[in-house]
Amino acid sequence: MITLPFVARELPNMITLPSIVIDFLSPTPSWVSSFLILLVLLVVLHTSRSASSTPGPTPIPLIGNLIEVMRNFDDFPNWTYRTALRYGGRTWKFSAPFVGTFVMVTDPTQLEFVLGKTGFDDFVKGEELNWKSFPVFGAGVFTTDGSYHRKQRKTISRVFTSHNFRDVFAPVFVSGARRLNKVLKPIAETDDRVDMQLLFHRLTADTFTEIGCSRQLNSLQSANPEKDWTDALDVAQRLVIHRMKNPLWWFNETFFGGAKLMKDSVKQVDDFIYSVIDERRKENDSGADVVAKDDLLARFMRYQDDETGEKLTDRELRDWIVNIFVAGRDTTATVLSWTVFNLSQNPAYLTKIYQELAIHLPRDRNAPITHAILSKLVYTHACFVETLRLRPALAVDLKSCFRDTVLPDGTRVHKGDWLMWSPYAMGRLESNWGADALEFKPERWLVETVDAQGIKSVTVKQESPYKFPAFNAGARVCPGQNVGLLQGKTTLALLLRDYEIDVLNDPPVEYLETITHVMKYGLWVKLNKRKDNRRDSGVSMDM
Ligand code: HEM
């Protein structure tokens, strides 16, 4: 054994290598030997880390689990499920070069540590996510940490009052669902097929533009040019995902036009949002009563920093609006699509929804449908959350580890590692949901309660968010979950009241993993007008 002088200088504890290695290295230029030694050290480091007691797919020196990850790239949520099964729901690890080590959690107790109070400061969104997504999300609520994130959450949460649920959200969602049904009417009268996923996305784009900035996008009814900004947002979001998932993303952006596509898409988004902000500022200056518009933009414009008294700049307003738009639009539309699909595979549950609608929705199709009525649609609600369990809108989520820490099960997580959790896998594990975990079974959400007067009622169970993290959990739990649920059940209720939906499975229904768990080829269906099941005569409902 001989000692390498330069290594000894770098590392006082003296690292020694077998002479055979040195003999091999000595005739080579010093940078080559330095590089090779670095590689050897990396292998040693890598092997010592992977030799930890945390299970996981066997890594290959230097490339970690890259091959396995690449092989399962397009089926990532299922891979997380299969691997979690292999390790019996225990925490496991995998790694990939240039991306890092991922610690995967599927057990509610570990997730509570990570997302709850104890680990909140140890696990953050982090700088990498922040800068990679900056062109699209800017310094928005999704990608920031610390006090800036808290002030956004506080302002956003103030919009979700019971008054707004009753007087703003419910009417917007009911009128959106009615518009959707109107668009479907001529389609149902012919043999035409339609992609419901596309229409759900347009519907939620319309409703969240209305809630966000009181603009009528009308993308459901027409090829409105303003709709293009939402398409551009989709493209930009996909590029962000590419940045997060593919270590060679910069290659694509630099040499294959990705950078231009990102720039053009972001510009289209910005043009729309800045024009809305500009218009609102002019309305403000002209003395128009913007306060009466209790939309998110109005609230954000009224926001003043507690300490400095400063208001938000146009750029900040733009970021806040984009984030909330993405949060509300894609998630709800995705879950709606999967709910329709799940119900088509389980007609018995569809029949139960029909019964519930027959009892609670007004007989007159044009009569108002209030928030109070919608609150009674417990079974429809349960179908929506059961879909979320099996098809969470964010199938996999992650945070960056800010400092070395140890999970309750003893797993060591190092600073810079990624802490990942898979709501998709967690929703399917028997250890979390019992032997029938893979079955679509809305009943698992229903609980019977008895009030002080002895009156029985059925409600939807509140599961622990650490067992059911479809809306995240802890201090970053989704503040809009009840808004999403309300729009989900409203749309579903009115759609199923009026139409029988025949899912064609052609093209097949498969998922595509982008930010949300969307369907790769859409959800193609054939529609028929439904008969009103309260009338024995079987007379078709008026449209
Ligand atoms: C079914 C519908 C919805 C689902 C499944 C859902 C799910 C989620 C999830 C999983 C997160 C955490 C994402 C992360 O890790 O950063 C999240 C965050 C968030 N959601 Fe939702 N969401 C839904 C609807 C909505 C709606 C309708 C709004 C607003 C109107 C909204 C607003 C937000 C916001 C602002 C955040 C960021 C919270 C933070 O980081 O502090 N969501 N949502």
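1. In the shell around the ligand, helix α15 gives the most, with 5 residues. The elements that give two or more residues to this shell are α8 (146-157), α15 and α21. Please keep in mind while reading that the model is a predicted one.

2. The shell as a whole is made up of 25 residues that surround the ligand, and the closest of them are K125, H149, R153, D397 and C478. Sorted by the character of their residues, the members of the shell divide into 14 nonpolar, 7 polar and 4 charged.

3. Some polar contacts to the ligand can be followed atom by atom. An N or O atom in the side chain of D397 is 2.5 Å from an oxygen atom of the ligand, while for the side chain of R153 the distance from such an atom to a ligand oxygen is 2.7 Å. The side chain of R476 also takes part, with an N or O atom 3.0 Å from an oxygen atom of the ligand.

4. R476 deserves a paragraph of its own. Where in the chain does R476 lie? Its place is in the loop between strand β12 (456-460) and helix α21 (481-498). Is R476 buried or exposed? R476 counts as buried because its relative accessibility is 9%, and the cut-off for buried is under 20%.

5. The side chain of R476 also has polar partners within the protein. One of its polar atoms lies 2.7 Å from the backbone oxygen of V141, and a polar contact of 3.3 Å joins the side chain of R476 to that of D145. If neighbours within four places in sequence are left aside, the residues in contact with R476 are F120, K125, V141, F142, T143, T144, D145, H149, R153 and K399. Among these contacts of R476 are K125, H149 and R153, which also belong to the residues closest to the ligand.

6. Turning to the nonpolar interior, the largest core has 126 residues, and those with the most contacts inside this core are L180, L184, M196, L495, L496, I501 and L523. Helix α15 (residues 314-345) supplies the largest share of this core, 14 residues, and α15 is also the element that gives the most to the shell around the ligand. A second core, separate from the largest one, has 15 residues and includes V105, F113, L419 and W421.

7. As one example from the largest core, consider what L496 touches. Not counting residues up to four places away in sequence, L496 is in contact with L343, L350, I353, Y354, L357, I501 and R530.

Definitions and conventions: Residues are numbered from 1 along each chain as its sequence is written. This is a predicted model: local features need pLDDT of at least 70, side-chain atom pairs count only at pLDDT 80 or more; totals for chains, interfaces and linings use all residues. Side-chain values use heavy atoms; hydrogens and water are left out. Helices (H or I, at least four residues) and strands (E, at least two) are DSSP runs, numbered from the N terminus. Buried means under 20% relative accessible area, exposed over 50%, partly exposed in between (1.4 Å probe, protein chains only). A polar contact is a pair of N or O atoms within 3.5 Å; within protein, one must be able to donate a hydrogen and the other to accept it, and residues adjacent in sequence count only if both atoms are side-chain atoms. Contact means heavy atoms within 4.5 Å. A nonpolar core is a set of buried Ala, Val, Leu, Ile, Met, Phe, Trp, Tyr and Cys residues joined through side-chain atoms within 4.5 Å. A residue is near a molecule or strand if one of its heavy atoms lies within 4 Å of it. Ala, Val, Leu, Ile, Met, Phe, Trp, Tyr, Cys and Pro count as nonpolar, Asp, Glu, Lys and Arg as charged, and the others, Gly among them, as polar.
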